[in-house]
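Got your viewer open? Let's walk through this one stop at a time, with something to select at each.

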Amino acid sequence: MSDAFSHSDPAQVTIEEIRKAADLISGAVLKTPCLPAPRLSRLTGADVYVKYENMQVTGAFKERGALVKLSSLSEAERKRGVIAVSAGNHAQGVAYHAGRLGIPATIVMPALTPFVKISATRDYGAEVVLIGNTLAEAKAEADRLAAEKNLVWVHPYDDAHVIHGQGTIALEMLEAQPDLDTLVIPVGGGGLISGMAVAAKAIKPSIEVIGVETVLYPGMWGAMHGKEVRCEGATIAEGIAVRDIGLLTTEVVKRTVDEIILAKESTIEQAINAYLTLLRTIAEGAGAAGLAGMLTDPDRFAGKRVGIVLCGGNIDPRLLSKIVVRELARDGRLVSIRIDTPDRPGVLGEIATTIGDMQGNVVDVAHHRLFLNVPAKGATLDVTFEAFDRTHGEEIVTALRQRGFTVRHLEIGERMD
(Lines give C-alpha, C1' and ligand atoms only; values in the text may rest on other atoms or scores of the structure.)
Protein backbone atom coordinates (compact mmCIF):
# COMPACT_ATOMS: atom_id res chain seq x y z
CA MET A 1 0.00 0.00 0.00
CA SER A 2 1.09 3.59 -0.56
CA ASP A 3 1.27 4.43 3.14
CA ALA A 4 3.69 1.63 4.00
CA PHE A 5 6.53 4.14 4.21
CA SER A 6 4.72 7.14 5.65
CA HIS A 7 6.76 7.56 8.85
CA SER A 8 10.24 9.07 9.27
CA ASP A 9 12.23 6.08 10.50
CA PRO A 10 15.49 6.06 8.50
CA ALA A 11 15.71 2.27 8.91
CA GLN A 12 13.01 1.93 6.23
CA VAL A 13 15.44 3.20 3.55
CA THR A 14 17.45 0.11 2.65
CA ILE A 15 19.63 -1.22 -0.12
CA GLU A 16 17.13 -4.07 -0.62
CA GLU A 17 14.31 -1.62 -1.35
CA ILE A 18 16.56 0.40 -3.64
CA ARG A 19 17.41 -2.74 -5.62
CA LYS A 20 13.68 -3.52 -5.90
CA ALA A 21 13.15 0.03 -7.15
CA ALA A 22 15.84 -0.50 -9.80
CA ASP A 23 14.03 -3.58 -11.06
CA LEU A 24 10.71 -1.74 -11.04
CA ILE A 25 11.88 1.22 -13.14
CA SER A 26 13.98 -0.85 -15.55
CA GLY A 27 12.86 -0.14 -19.09
CA ALA A 28 10.67 2.80 -18.05
CA VAL A 29 13.47 5.13 -16.93
CA LEU A 30 16.66 5.62 -18.90
CA LYS A 31 19.81 4.01 -17.48
CA THR A 32 21.91 7.10 -18.12
CA PRO A 33 25.65 6.90 -18.84
CA CYS A 34 28.31 7.59 -16.23
CA LEU A 35 31.34 8.68 -18.22
CA PRO A 36 34.83 10.08 -17.60
CA ALA A 37 35.13 13.85 -18.08
CA PRO A 38 38.79 14.62 -18.81
CA ARG A 39 38.22 18.36 -19.27
CA LEU A 40 36.47 18.62 -15.91
CA SER A 41 39.32 16.59 -14.44
CA ARG A 42 41.79 19.20 -15.67
CA LEU A 43 39.57 21.97 -14.30
CA THR A 44 39.22 20.46 -10.83
CA GLY A 45 42.38 18.41 -10.28
CA ALA A 46 40.33 15.25 -9.62
CA ASP A 47 39.50 12.26 -11.80
CA VAL A 48 35.91 13.19 -12.63
CA TYR A 49 33.04 10.99 -13.84
CA VAL A 50 29.66 12.48 -14.73
CA LYS A 51 26.28 10.80 -14.40
CA TYR A 52 24.13 12.37 -17.13
CA GLU A 53 20.65 12.47 -15.59
CA ASN A 54 19.86 15.42 -17.88
CA MET A 55 19.35 12.77 -20.56
CA GLN A 56 16.12 11.49 -18.99
CA VAL A 57 12.91 12.08 -20.98
CA THR A 58 11.95 14.88 -18.59
CA GLY A 59 15.50 16.23 -18.42
CA ALA A 60 16.08 15.31 -14.76
CA PHE A 61 16.44 12.46 -12.25
CA LYS A 62 13.10 13.12 -10.53
CA GLU A 63 11.14 10.66 -12.61
CA ARG A 64 12.90 7.74 -10.88
CA GLY A 65 11.37 8.45 -7.48
CA ALA A 66 8.08 9.59 -8.99
CA LEU A 67 7.64 6.30 -10.83
CA VAL A 68 8.43 4.21 -7.75
CA LYS A 69 5.91 6.17 -5.69
CA LEU A 70 3.19 6.03 -8.35
CA SER A 71 3.73 2.28 -8.80
CA SER A 72 3.16 1.76 -5.07
CA LEU A 73 -0.41 3.13 -5.21
CA SER A 74 -3.41 0.87 -4.91
CA GLU A 75 -5.97 0.75 -7.72
CA ALA A 76 -8.34 2.87 -5.65
CA GLU A 77 -5.66 5.48 -5.04
CA ARG A 78 -4.80 5.63 -8.73
CA LYS A 79 -8.44 6.35 -9.56
CA ARG A 80 -8.52 9.19 -7.02
CA GLY A 81 -5.57 10.86 -8.73
CA VAL A 82 -2.38 12.39 -7.37
CA ILE A 83 -1.17 15.86 -6.50
CA ALA A 84 2.32 17.31 -6.21
CA VAL A 85 3.97 20.65 -5.56
CA SER A 86 7.05 21.49 -7.58
CA ALA A 87 8.98 24.28 -9.26
CA GLY A 88 9.68 22.03 -12.19
CA ASN A 89 11.52 18.71 -12.31
CA HIS A 90 9.42 16.75 -9.83
CA ALA A 91 6.36 18.16 -11.59
CA GLN A 92 7.52 16.80 -14.92
CA GLY A 93 8.50 13.43 -13.48
CA VAL A 94 5.09 12.96 -11.84
CA ALA A 95 3.20 14.26 -14.86
CA TYR A 96 5.09 12.07 -17.34
CA HIS A 97 4.77 8.78 -15.47
CA ALA A 98 1.25 9.47 -14.22
CA GLY A 99 0.30 9.92 -17.86
CA ARG A 100 1.98 6.63 -18.78
CA LEU A 101 0.14 4.81 -15.99
CA GLY A 102 -3.23 6.46 -16.63
CA ILE A 103 -3.29 8.28 -13.28
CA PRO A 104 -4.85 11.77 -13.20
CA ALA A 105 -2.28 14.27 -11.94
CA THR A 106 -2.59 17.80 -10.58
CA ILE A 107 0.61 19.81 -10.22
CA VAL A 108 0.70 23.05 -8.23
CA MET A 109 3.58 25.35 -9.21
CA PRO A 110 4.65 28.83 -8.07
CA ALA A 111 3.61 31.45 -10.60
CA LEU A 112 7.25 32.45 -11.14
CA THR A 113 8.32 28.96 -12.24
CA PRO A 114 10.33 29.14 -15.51
CA PHE A 115 7.95 28.83 -18.44
CA VAL A 116 9.97 25.99 -20.00
CA LYS A 117 9.09 23.82 -16.97
CA ILE A 118 5.43 24.87 -16.87
CA SER A 119 4.98 24.14 -20.56
CA ALA A 120 6.68 20.74 -20.33
CA THR A 121 4.52 19.70 -17.36
CA ARG A 122 1.34 20.60 -19.23
CA ASP A 123 2.58 18.77 -22.32
CA TYR A 124 2.80 15.54 -20.28
CA GLY A 125 -0.92 15.79 -19.59
CA ALA A 126 -1.08 17.07 -16.02
CA GLU A 127 -3.44 19.77 -14.80
CA VAL A 128 -1.16 22.67 -13.80
CA VAL A 129 -2.22 25.18 -11.17
CA LEU A 130 -0.07 28.34 -10.92
CA ILE A 131 -0.32 30.21 -7.64
CA GLY A 132 1.87 32.22 -5.28
CA ASN A 133 5.47 33.32 -5.52
CA THR A 134 7.01 30.57 -3.40
CA LEU A 135 6.77 26.82 -2.92
CA ALA A 136 5.25 27.45 0.51
CA GLU A 137 2.38 29.40 -1.04
CA ALA A 138 1.93 26.74 -3.70
CA LYS A 139 1.92 24.05 -1.01
CA ALA A 140 -0.92 25.81 0.84
CA GLU A 141 -3.08 25.69 -2.29
CA ALA A 142 -2.12 22.06 -2.93
CA ASP A 143 -3.18 21.15 0.62
CA ARG A 144 -6.57 22.72 -0.07
CA LEU A 145 -6.98 20.91 -3.38
CA ALA A 146 -5.86 17.58 -1.94
CA ALA A 147 -8.47 17.81 0.82
CA GLU A 148 -11.18 19.04 -1.52
CA LYS A 149 -10.64 16.39 -4.19
CA ASN A 150 -9.28 13.55 -2.02
CA LEU A 151 -6.03 13.39 -4.01
CA VAL A 152 -2.97 11.31 -3.09
CA TRP A 153 0.21 13.22 -2.30
CA VAL A 154 3.43 12.51 -4.21
CA HIS A 155 6.04 14.26 -2.10
CA PRO A 156 9.15 15.46 -3.96
CA TYR A 157 11.63 14.08 -1.41
CA ASP A 158 10.32 13.14 2.05
CA ASP A 159 8.90 9.74 1.12
CA ALA A 160 10.72 6.42 1.28
CA HIS A 161 9.40 5.24 -2.10
CA VAL A 162 10.76 8.40 -3.72
CA ILE A 163 14.09 8.04 -1.90
CA HIS A 164 14.42 4.43 -3.06
CA GLY A 165 13.89 5.53 -6.64
CA GLN A 166 16.55 8.22 -6.43
CA GLY A 167 18.97 5.75 -4.84
CA THR A 168 19.04 3.74 -8.06
CA ILE A 169 21.41 6.35 -9.47
CA ALA A 170 24.15 5.21 -7.09
CA LEU A 171 23.62 1.59 -8.11
CA GLU A 172 24.18 2.54 -11.74
CA MET A 173 27.19 4.75 -11.01
CA LEU A 174 29.03 2.11 -9.01
CA GLU A 175 28.17 -0.54 -11.56
CA ALA A 176 29.70 1.61 -14.30
CA GLN A 177 32.62 2.96 -12.22
CA PRO A 178 33.22 0.67 -9.21
CA ASP A 179 36.50 2.41 -8.28
CA LEU A 180 34.92 5.74 -7.36
CA ASP A 181 36.27 7.23 -4.12
CA THR A 182 33.67 9.96 -3.69
CA LEU A 183 30.16 10.91 -4.79
CA VAL A 184 29.21 14.59 -4.94
CA ILE A 185 25.46 15.12 -4.95
CA PRO A 186 23.21 18.22 -5.06
CA VAL A 187 20.98 18.68 -2.01
CA GLY A 188 17.57 20.35 -1.87
CA GLY A 189 15.07 18.52 0.33
CA GLY A 190 17.45 15.58 0.58
CA GLY A 191 15.72 12.82 -1.38
CA LEU A 192 18.47 12.30 -3.94
CA ILE A 193 21.40 12.26 -1.53
CA SER A 194 19.51 10.07 1.00
CA GLY A 195 18.84 7.31 -1.50
CA MET A 196 22.24 7.51 -3.11
CA ALA A 197 24.12 7.56 0.21
CA VAL A 198 22.32 4.47 1.53
CA ALA A 199 22.96 2.57 -1.70
CA ALA A 200 26.58 3.67 -2.08
CA LYS A 201 27.56 2.94 1.53
CA ALA A 202 25.93 -0.50 1.35
CA ILE A 203 27.85 -1.39 -1.80
CA LYS A 204 31.13 0.28 -0.87
CA PRO A 205 31.39 1.31 2.82
CA SER A 206 34.63 3.24 2.22
CA ILE A 207 33.10 5.64 -0.30
CA GLU A 208 32.66 9.29 0.67
CA VAL A 209 29.30 10.96 0.06
CA ILE A 210 29.44 14.75 -0.16
CA GLY A 211 26.38 16.96 -0.56
CA VAL A 212 26.25 20.44 -2.09
CA GLU A 213 23.76 23.18 -1.26
CA THR A 214 23.63 26.79 -2.38
CA VAL A 215 24.75 29.23 0.31
CA LEU A 216 21.30 30.83 0.15
CA TYR A 217 19.52 27.61 1.16
CA PRO A 218 21.79 25.74 3.61
CA GLY A 219 19.02 23.80 5.37
CA MET A 220 20.68 20.37 5.37
CA TRP A 221 24.04 21.86 6.34
CA GLY A 222 22.36 23.50 9.30
CA ALA A 223 20.67 20.24 10.31
CA MET A 224 23.96 18.32 10.15
CA HIS A 225 25.77 20.93 12.25
CA GLY A 226 22.93 21.64 14.66
CA LYS A 227 22.78 25.31 13.67
CA GLU A 228 19.93 27.67 12.91
CA VAL A 229 20.18 28.94 9.34
CA ARG A 230 18.26 31.30 7.09
CA CYS A 231 17.02 29.97 3.77
CA GLU A 232 16.01 32.81 1.49
CA GLY A 233 16.89 34.76 -1.62
CA ALA A 234 16.81 34.44 -5.40
CA THR A 235 19.07 31.65 -6.58
CA ILE A 236 19.99 30.30 -9.98
CA ALA A 237 19.64 26.83 -8.44
CA GLU A 238 15.89 27.00 -7.83
CA GLY A 239 15.66 23.21 -7.95
CA ILE A 240 17.49 22.98 -4.60
CA ALA A 241 16.08 26.18 -3.08
CA VAL A 242 14.28 24.33 -0.30
CA ARG A 243 13.35 26.06 2.95
CA ASP A 244 11.85 22.98 4.63
CA ILE A 245 14.06 19.93 4.27
CA GLY A 246 12.53 16.52 4.88
CA LEU A 247 12.19 14.86 8.27
CA LEU A 248 13.02 11.42 6.90
CA THR A 249 15.77 12.67 4.63
CA THR A 250 17.41 14.61 7.45
CA GLU A 251 17.70 11.49 9.58
CA VAL A 252 19.12 9.46 6.69
CA VAL A 253 21.61 12.21 5.81
CA LYS A 254 22.85 12.48 9.39
CA ARG A 255 23.60 8.74 9.36
CA THR A 256 25.16 8.39 5.93
CA VAL A 257 26.52 11.65 4.50
CA ASP A 258 30.10 12.71 5.26
CA GLU A 259 29.92 16.44 4.54
CA ILE A 260 27.84 19.24 3.02
CA ILE A 261 29.57 21.95 0.97
CA LEU A 262 27.95 25.35 0.39
CA ALA A 263 28.45 26.79 -3.10
CA LYS A 264 28.18 30.46 -4.02
CA GLU A 265 25.92 31.65 -6.83
CA SER A 266 28.89 32.73 -8.95
CA THR A 267 30.44 29.26 -8.60
CA ILE A 268 27.22 27.59 -9.69
CA GLU A 269 27.20 29.87 -12.75
CA GLN A 270 30.79 28.83 -13.44
CA ALA A 271 29.77 25.16 -13.24
CA ILE A 272 26.83 25.64 -15.64
CA ASN A 273 29.18 27.30 -18.09
CA ALA A 274 31.78 24.56 -17.69
CA TYR A 275 29.25 21.87 -18.55
CA LEU A 276 28.22 23.80 -21.64
CA THR A 277 31.62 24.83 -22.94
CA LEU A 278 33.75 21.88 -21.83
CA LEU A 279 31.31 18.95 -22.09
CA ARG A 280 28.83 20.42 -24.59
CA THR A 281 25.92 19.49 -22.33
CA ILE A 282 23.28 21.54 -20.53
CA ALA A 283 22.95 21.76 -16.76
CA GLU A 284 20.44 23.81 -14.80
CA GLY A 285 21.59 25.48 -11.60
CA ALA A 286 20.68 22.58 -9.33
CA GLY A 287 22.09 20.14 -11.86
CA ALA A 288 25.46 21.87 -11.79
CA ALA A 289 25.67 22.08 -7.99
CA GLY A 290 27.83 18.96 -7.67
CA LEU A 291 30.50 20.42 -9.92
CA ALA A 292 30.13 23.75 -8.11
CA GLY A 293 30.93 21.96 -4.87
CA MET A 294 34.14 20.64 -6.36
CA LEU A 295 35.08 24.10 -7.62
CA THR A 296 34.36 25.53 -4.17
CA ASP A 297 36.93 23.29 -2.47
CA PRO A 298 39.16 21.70 -5.13
CA ASP A 299 41.82 20.62 -2.60
CA ARG A 300 39.16 18.46 -0.94
CA PHE A 301 38.92 16.31 -4.08
CA ALA A 302 42.39 16.56 -5.62
CA GLY A 303 43.64 13.23 -6.96
CA LYS A 304 40.43 11.34 -6.10
CA ARG A 305 38.09 9.47 -8.42
CA VAL A 306 34.93 11.53 -8.07
CA GLY A 307 31.46 10.82 -9.43
CA ILE A 308 29.17 13.82 -9.81
CA VAL A 309 25.48 13.80 -10.69
CA LEU A 310 24.35 16.19 -13.39
CA CYS A 311 20.86 15.82 -12.03
CA GLY A 312 18.93 18.14 -14.35
CA GLY A 313 19.19 20.19 -17.52
CA ASN A 314 15.94 22.18 -17.57
CA ILE A 315 17.24 25.73 -17.71
CA ASP A 316 15.63 28.74 -19.37
CA PRO A 317 17.59 29.36 -22.61
CA ARG A 318 17.66 33.12 -21.94
CA LEU A 319 19.18 32.54 -18.53
CA LEU A 320 21.74 30.17 -20.01
CA SER A 321 22.80 32.76 -22.58
CA LYS A 322 23.19 35.38 -19.86
CA ILE A 323 25.37 33.03 -17.83
CA VAL A 324 27.63 32.35 -20.81
CA VAL A 325 28.13 36.09 -21.37
CA ARG A 326 28.83 36.69 -17.68
CA GLU A 327 31.41 33.90 -17.59
CA LEU A 328 33.14 35.25 -20.69
CA ALA A 329 33.37 38.58 -18.88
CA ARG A 330 34.67 37.00 -15.68
CA ASP A 331 37.36 35.19 -17.67
CA GLY A 332 38.40 38.39 -19.39
CA ARG A 333 37.42 37.08 -22.82
CA LEU A 334 34.57 39.57 -23.23
CA VAL A 335 35.57 43.13 -22.41
CA SER A 336 33.27 46.12 -22.12
CA ILE A 337 34.80 49.61 -22.05
CA ARG A 338 33.64 53.22 -22.18
CA ILE A 339 35.75 55.60 -24.25
CA ASP A 340 35.59 59.40 -24.19
CA THR A 341 36.38 60.74 -27.67
CA PRO A 342 36.38 64.00 -29.62
CA ASP A 343 33.32 64.26 -31.87
CA ARG A 344 35.09 64.21 -35.22
CA PRO A 345 34.90 62.02 -38.35
CA GLY A 346 36.96 58.83 -38.32
CA VAL A 347 37.22 58.33 -34.56
CA LEU A 348 35.02 55.23 -34.53
CA GLY A 349 37.02 53.75 -37.39
CA GLU A 350 40.28 54.48 -35.58
CA ILE A 351 39.08 52.70 -32.45
CA ALA A 352 37.77 49.71 -34.40
CA THR A 353 41.00 49.50 -36.39
CA THR A 354 43.12 49.57 -33.24
CA ILE A 355 41.11 46.73 -31.72
CA GLY A 356 41.11 44.75 -34.99
CA ASP A 357 44.85 45.20 -35.60
CA MET A 358 45.44 43.57 -32.22
CA GLN A 359 43.16 40.65 -33.13
CA GLY A 360 40.27 41.74 -30.91
CA ASN A 361 36.75 41.30 -32.25
CA VAL A 362 34.21 44.10 -31.73
CA VAL A 363 30.79 42.63 -30.92
CA ASP A 364 28.83 45.70 -29.83
CA VAL A 365 29.12 49.52 -30.05
CA ALA A 366 26.91 52.24 -28.58
CA HIS A 367 27.69 55.85 -29.59
CA HIS A 368 26.48 58.62 -27.23
CA ARG A 369 26.49 62.33 -28.06
CA LEU A 370 23.60 63.59 -25.95
CA PHE A 371 24.69 62.57 -22.45
CA LEU A 372 24.82 65.69 -20.27
CA ASN A 373 28.17 64.60 -18.81
CA VAL A 374 29.71 64.50 -22.31
CA PRO A 375 31.31 67.75 -23.60
CA ALA A 376 29.33 69.45 -26.37
CA LYS A 377 32.15 68.73 -28.83
CA GLY A 378 32.76 65.23 -27.50
CA ALA A 379 31.17 61.81 -27.56
CA THR A 380 31.18 58.61 -25.55
CA LEU A 381 31.56 55.15 -27.03
CA ASP A 382 30.59 51.95 -25.20
CA VAL A 383 32.49 49.13 -26.91
CA THR A 384 32.33 45.40 -26.17
CA PHE A 385 34.97 43.21 -27.76
CA GLU A 386 36.22 39.63 -27.58
CA ALA A 387 39.78 38.86 -26.56
CA PHE A 388 41.81 35.66 -26.29
CA ASP A 389 42.15 36.07 -22.52
CA ARG A 390 42.40 38.73 -19.79
CA THR A 391 45.98 39.68 -20.67
CA HIS A 392 45.11 40.14 -24.34
CA GLY A 393 42.15 42.34 -23.38
CA GLU A 394 44.36 44.57 -21.23
CA GLU A 395 46.86 44.89 -24.08
CA ILE A 396 44.10 46.20 -26.33
CA VAL A 397 42.95 48.70 -23.69
CA THR A 398 46.54 49.87 -23.23
CA ALA A 399 46.88 50.40 -26.99
CA LEU A 400 43.74 52.56 -27.03
CA ARG A 401 45.05 54.66 -24.15
CA GLN A 402 48.38 55.11 -25.93
CA ARG A 403 46.43 56.63 -28.82
CA GLY A 404 45.12 59.28 -26.43
CA PHE A 405 41.70 57.87 -25.60
CA THR A 406 40.30 57.93 -22.07
CA VAL A 407 39.15 54.38 -21.35
CA ARG A 408 37.45 52.83 -18.35
CA HIS A 409 36.13 49.32 -17.85
CA LEU A 410 32.40 48.68 -17.55
CA GLU A 411 30.85 45.90 -15.52
CA ILE A 412 29.18 43.43 -17.84
CA GLY A 413 25.90 44.13 -16.04
CA GLU A 414 26.07 47.75 -17.15
CA ARG A 415 26.26 46.63 -20.77
CA MET A 416 23.60 43.92 -20.46
CA ASP A 417 21.14 46.29 -18.81
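Two strands count as paired here if DSSP finds at least two bridges between them, and the elements themselves are DSSP runs numbered from the N terminus: helices are H or I of at least four residues, strands are E of at least two. This is a predicted model, so local features need pLDDT of at least 70 and side-chain atom pairs count only at pLDDT 80 or more, while totals for chains, interfaces and linings use all residues. Residues are numbered from 1 along each chain as its sequence is written, and side-chain values use heavy atoms, with hydrogens and water left out.

**Whole chain**

Start zoomed out. The C-alpha trace spans about 80 × 50 × 40 Å along its principal axes, and the chain has 17 helices and 14 strands. Of the 417 residues, 55% are buried; buried means under 20% relative accessible area, exposed means over 50%, and partly exposed is in between (1.4 Å probe, protein chains only).

**Strand β10 and its partners**

Select residues 305–310, strand β10. It is mostly covered, with 5 of its 6 residues buried. Now add residues 47–52: this is strand β2, which pairs with β10 in the parallel sense over 6 bridges. To see one pairing, pick tyrosine 52 and look for its bridge partner in β10, leucine 310. Then add residues 182–186, strand β7, which also pairs with β10 in the parallel sense, over 3 bridges. Here threonine 182 stands opposite valine 306 of β10.

While you're here, show the side chains of lysine 304 and glutamate 208. They form a salt bridge, with the closest N and O atoms 3.0 Å apart; the term means a side-chain nitrogen of Lys or Arg within 4 Å of a carboxyl oxygen of Asp or Glu. The pair links distant parts of the chain, since glutamate 208 is in strand β8 (residues 208–214), lysine 304 is in the loop between α13 (289–296) and β10, and 96 residues separate them. Lysine 304 is partly exposed, at 24% relative accessibility.

**Salt bridges around α3**

The structure holds 24 salt bridges. For another, select glutamate 172 and arginine 64, whose closest N and O atoms are 2.9 Å apart. This pair also spans distant parts of the chain: glutamate 172 sits in helix α8 (residues 160–176) and arginine 64 in helix α3 (residues 63–71), 108 residues apart. Buried or exposed, this arginine 64? Arginine 64 is buried, with a relative accessible area of 0%, and glutamate 172 counts as buried at 12%. Add Lys51 and Glu53, and you have a network of salt bridges that links them with Arg64 and Glu172.

Still on α3, show lysine 69 with aspartate 159, a salt bridge at 3.0 Å, N to O. Aspartate 159 is in the loop between β6 and α8 and lysine 69 is in α3, so the pair ties together parts 90 residues apart in sequence. Aspartate 159 is buried at 9% relative accessibility, and lysine 69 is buried at 4%.

**Valine 29**

Next, pick valine 29, in the loop between α1 (15–25) and β1 (34–36). Valine 29 counts as buried at 9% relative accessibility. What is it in contact with, leaving aside neighbours within four places in sequence? The residues are Gln56, Glu63, Arg64, Leu67 and His97, where contact means heavy atoms within 4.5 Å. Measure from valine 29 to glutamine 56 and you should find their C-alpha atoms separated by 7.2 Å, although they are 27 residues apart along the chain.

**The open sheet and helix α6**

Now colour the open sheet of 4 strands, in the order β5-β4-β3-β6 with parallel pairing. β5 and β6 (152–153) are at the edges, each with a single partner strand, so one side of each has no neighbour in the sheet. At the β6 end, strand β3 (residues 82–85) pairs with β6 over 2 bridges, and isoleucine 83 has tryptophan 153 as its bridge partner.

Last, select residues 115–123, helix α6, whose buried residues are Lys117, Ile118, Ala120 and Thr121. Looking down the axis of α6, those residues fall within an arc of 165°, so they line one face of the helix; the arc is that of the directions from the helix axis to the C-beta atoms. Their cover includes α5 (89–101), β4 (105–109) and β5 (127–130). The face turned away carries the exposed residues Phe115 and Asp123.
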